[in-house]
Amino acid sequence: MIKFIKLFLLLSTSVLLLGCVDKPVVDDVPETTPKTSALIFPPIYDDYLNRNVQDDIFYFVMPDRFNNGNPANDNGSSSVEISRGGFIADSPFGFHGGDIQGLEQKLDYLKNLGVSAIWMTPILRNKAIQAGGYAHHGYWIIDFTQIDPHFGSNDDLKSLINAAHRKGIKVFFDIITNHTADVIKYEECHDPEGNFQNENTCPYKTKQQVANNNKYTPFLPVGTKNLKVPNWLNDPKFYNNQGDSFWQGESAVNGDFVGLDDLNTRLPEVISGMTEIYQNLITEFKPDGFRIDTVKHVDMIFWSQFSPTIVEHAKSQGIPNFHIFGEVYSGDPRVLSSYTTLGKMPSVLDFGFQSAAADVFYRGKSSSVIAQLFENDDYYSDQDSHANLLMNFLGNHDMGRAGFFIEDAGLAQSDSEKLKRSILSHAFMYLSRGVPVIYYGDEQGFTGDGGDIASREDMFPSQVDEYNDNNLIGTHSTTAENNFDQTHPIYIALRELAQLRMQHKALRRGTTFNRYFNSSSNAFAISRVDKSAPFEYLLAFNPSPETQTFTIGATADDYQWLAGDKKLRVHDGMITISLPPLSYSVHKAKTAMRQSQSSTILFSGFERQSGRIRFDYSLADASSLIIPLFEIRTEIKNQKGQYYLVATDSAPPYSAVVTEELIDLYSPPSIRVTLEDPQGNTKTTEFVLPTDQQAVQNEKNISYP
């Protein structure tokens, strides 16, 4: 009976997702490639070294919970006590035995899913056991040069990376610069052995208290003075030593995370020391990029120096597309983007995307939050970063799984609806601007019971009761069984979405345009357009349990169906789309978009924000265009008369967000704005930034040129 149910779910999901593909348009695959049921990988998916990260599909995995390839290392080190123990297979807190060798054994499982990049939680040697539990997650590093023995050896990691690269799969490290394991203690809180004297915390002391000599006295308990590697990390002078963070204000940057030793990332020695640590890891292992933990808890000056230096070092080691993205736990694009602009980090995890997707696809909120999400993409556009580099995700190891959010929202009353909501939200993640990130186990319908350890189930048969009593989506299996089922309906759906994304460049790199959003309807539509081949890809989504119908302007006389529901009609220059409940559709215009011959730039004024200034523009005749394919570039003239590119924008509303540092440096600055159409024709205007609000009001209705 279970096999019959799984087969029914698989067949119904395939119909929901793709229907019967007659002759799919394949942009990046040679015409001679045979059309088979196997995944068709364009040539870029063999060339991991030169593949742009925008072309990747990520799989975020916690090695301890994925696959146990070598049971001999389950208890960690046999010789170093601090990295030994913690294997408690029936506790959600303990080590469960998964390792690097186990991950290597499952590379074909990931390749068949369409994964082209693996991001692992940290695997450097940890303090295995401390007050907060067990380091199965890898975030309590004690040695920044060796792989944690619970996960394997340095040679095991090299073997994994080489094997992945042979399959065209990249490998990303999860790295930490904010803190080390908890070793440093304070005389005011701890006894000589390092145990708390009274409360199980050291209350945070502010910078003002420290300046008034009201501060902690750090010490290293006997036997812990040389635990950390490299050795400079053992000196308390390189740490803030201000007590435990309470996650707000200055404590978010200077406080210890539940006792974890918080590095003073303002110090030049710490910046250079941590940079050297990760340069050495690149030199030894040749990873393809870093995900950086707890980014917003590190001083901004650290990132502005660290990120560019790391990328340049990777290039010197023969890694031309080394990519860095950070964890900035905020859904506010102004906060997130400050790290890609001021912090010079190429990308961040898009918590704003996660929040908007959960609100619309799981909680039934208006799709207007998605419209606003894309309108805010201008914050990320500067000379070296843009929204297409953002990392999209639906859940993770801290906040919980997509399946949990679906269960928790309570809108989905049936197993079938839960499955549809999961697939629909993943389709949105795969087809939107940005790079999709699958959280391990989501492709098997894992749900979890919440965030943190409640969302860290085992893919191999689990012994944890709290995991095994969960109802998984799309299957009658449980986490007590092996969950590498390549016939699971979500696995199949993600595989098909990967194929669609891989075959069409516009779905990976195209500019995003908001096409239809209406406060009275949850349904919405966006377009993706690659300006080098300006055919509109029209993507429509219906997250509601009722059929939704809407009409928008067409950019072509006819469209080719690619995926999802087929109900699209073009008549008299208009498109009518009717989407069944919890469905989506993907159509490609059969002819290139018609282009406007001219347009006029309107400067709408500027707004001062925290550390930045936002310039707003519009196109005078944009109302006559269905999708205006223009790029607007904003440059500032320096005192030598040269121009410095600060932002580009390719979709309305047009904006440029400029750091006040640049404004002050070139004050009063001359701003040059260039409008370029797809044929390379340009219009340029120049103006001096107004110095007061009255001047702004006078400028608002002036046309340039």
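**Entry 1: a three-stranded sheet**

I began with one residue pair and found that Ile552 has Ile575 in strand 23 as its bridge partner. This is a predicted model, so I read each feature here as part of a prediction. Going outward from that pair, I saw that strand 20 and strand 23 (residues 574-579) run antiparallel and are joined by six bridges. I then asked which strands make up the sheet around them, and in what order. Three strands form an open sheet in the order 20-23-22, with antiparallel pairing. Strand 20 (548-553) and strand 22 (568-571) are the edges, each pairing on one side only. I also noted the twist, which averages 20° from one strand to the next.

**Entry 2: an eight-stranded sheet**

Next I looked up a sheet with parallel pairing: eight strands, open, in the order 14-13-12-7-2-1-16-15. Its edge strands are strand 14 (347-348) and strand 15 (391-393), and each of them pairs on one side only. I followed the strand 15 end inward. Three bridges join strand 15 to strand 16 (residues 435-439), and the two run parallel. In this pairing, Met391 has Val435 of strand 16 as its bridge partner.

A reminder to myself: strands of a sheet pair through backbone hydrogen bonds, either parallel or antiparallel.

**Entry 3: two hairpins**

I turned to strand 25 (residues 601-609) and strand 26 (residues 612-619), which pair in the antiparallel sense over eight bridges. Gln609 finds its bridge partner in Arg612 of strand 26. How many residues lie between the strands of this hairpin? There are two, and Gly611 takes a positive phi near 80° in this hairpin.

Then I visited strand 30 (residues 670-676) and strand 31 (residues 682-688), an antiparallel pair with seven bridges. Here Arg672 stands opposite Glu686 in strand 31. This hairpin has five residues between its strands, and Gly680 has a positive phi near 90°.

**Entry 4: backbone oddities in loops**

I kept a short list of backbone features to find in the viewer.

- Val229 and Pro230 are joined by a cis peptide bond, with omega about 5°. I located Pro230 in the loop between strand 10 (218-219) and helix 6 (251-254).
- Pro652 and Pro653 also share a cis peptide bond, with omega near -5°. Pro653 sits in the loop between strand 28 (643-649) and strand 29 (654-659).
- Asn213 is not a glycine, yet its phi is positive, at about 70°. I found Asn213 in the loop between helix 5 (207-211) and strand 10.

**Entry 5: charges**

I searched the whole structure for salt bridges and got 34. I picked one to inspect: Arg266 with Asp299, whose closest N and O atoms are 3.3 Å apart. Why does this pair tie together separate parts of the sequence? Arg266 lies in the loop between strand 11 (261-262) and helix 7 (268-285), while Asp299 lies in the loop between strand 12 (289-292) and helix 8 (300-316), so the salt bridge links parts that are 33 residues apart in sequence.

My last stop was on the surface. Which residues gather there in a patch of negative charge? They are Asp90, Asp449, Asp465, Glu466 and Asp469. I traced Asp90 to the loop between strand 1 (58-61) and helix 2 (100-105).

Definitions and conventions: Residues numbered from 1 in each chain as written. Predicted model: local features only at pLDDT ≥ 70, side-chain atom pairs only at ≥ 80, totals over all residues. Heavy atoms only, no water. Pairing = 2+ DSSP bridges. Helix = DSSP H or I, 4+ residues; strand = E, 2+ residues; numbered from the N terminus. Axes fitted to C-alpha atoms, helices over the stretch in contact; angles between N-to-C directions. Patch = residues over 30% accessible without salt bridge, like charges linked within 9 Å, V, L, I, M, F, W, Y side chains within 5 Å. Areas by Shrake-Rupley, 256 points an atom, 1.4 Å probe, with all protein chains shown as cover. Salt bridge = Lys/Arg side-chain N within 4 Å of Asp/Glu carboxyl O. Lys, Arg positive; Asp, Glu negative; His and termini not counted. Charge placed at Lys NZ, Arg CZ, Asp CG, Glu CD.
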